[in-house]
Amino acid sequence: MNFEIINDKNKVVMHTTDTTCIPEKDVLNLMSKAGYKFKLNGKTITTKKLNEQLKELDDGGDNRSKDNQNQIS
């Protein structure tokens, strides 16, 4: 999985292949409202679809949220 965040000038400002590095839902929503766009595997994706994909990963045993909490602690 290749995830990218694109700013309002169409420049990639962040990319990762690690789902634990993808910002949380609330952050993604705020970024979207601020004009950022997101791509997943080279295709533009809405925050709604992205959050659905991440939820499926979380439900499938990917401990994305748990890992992020461990990094904060």
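The following exercises, each with a worked solution, concern a predicted model of a protein.

**Exercise 1.** Determine how many helices and strands the protein has, and the order in which the elements run from the N terminus.

*Solution.* Begin with the inventory: the protein contains three helices and four strands. Next, place these elements along the chain: starting at the N terminus, they run β-β-α-β-β-α-α.

**Exercise 2.** Establish the order of the strands in the sheet, the sense of their pairing, and which are the edge strands.

*Solution.* First, consider the order: the four strands are arranged as S2-S1-S3-S4 in an open sheet. The pairing is antiparallel. Then turn to the edges: strand S2 (12-16) and strand S4 (43-45) each pair on one side only, and these are the edge strands. Finally, consider the twist, which averages 30° from one strand to the next.

**Exercise 3.** Describe how strand S1 pairs with strand S3, and identify the residue that stands opposite phenylalanine 3.

*Solution.* Locate the two strands: S1 comprises residues 3-6 and S3 residues 37-40. Their antiparallel pairing extends over four bridges. Within S3, leucine 40 is the residue opposite phenylalanine 3.

**Exercise 4.** Characterise the protein by its buried fraction, its accessible surface and the sequence separation of its contacts.

*Solution.* Start with burial, taken as under 20% relative accessible area: of the 73 residues, 29% are buried. Proceed to the accessible surface, which comes to about 5100 Å²; carbon and sulfur atoms account for 48% of this area. Lastly, take the contacts between residues at least 6 apart in sequence: 49% of them join residues at least 24 apart.

Technical notes:
Residues numbered from 1 in each chain as written. Predicted model: local features only at pLDDT ≥ 70, side-chain atom pairs only at ≥ 80, totals over all residues. Heavy atoms only, no water. Pairing = 2+ DSSP bridges. Axes fitted to C-alpha atoms, helices over the stretch in contact; angles between N-to-C directions. Buried < 20%, exposed > 50% of the residue type's maximum accessible area, 1.4 Å probe, protein only. Contact = heavy atoms within 4.5 Å. Areas by Shrake-Rupley, 256 points an atom, 1.4 Å probe, with all protein chains shown as cover.
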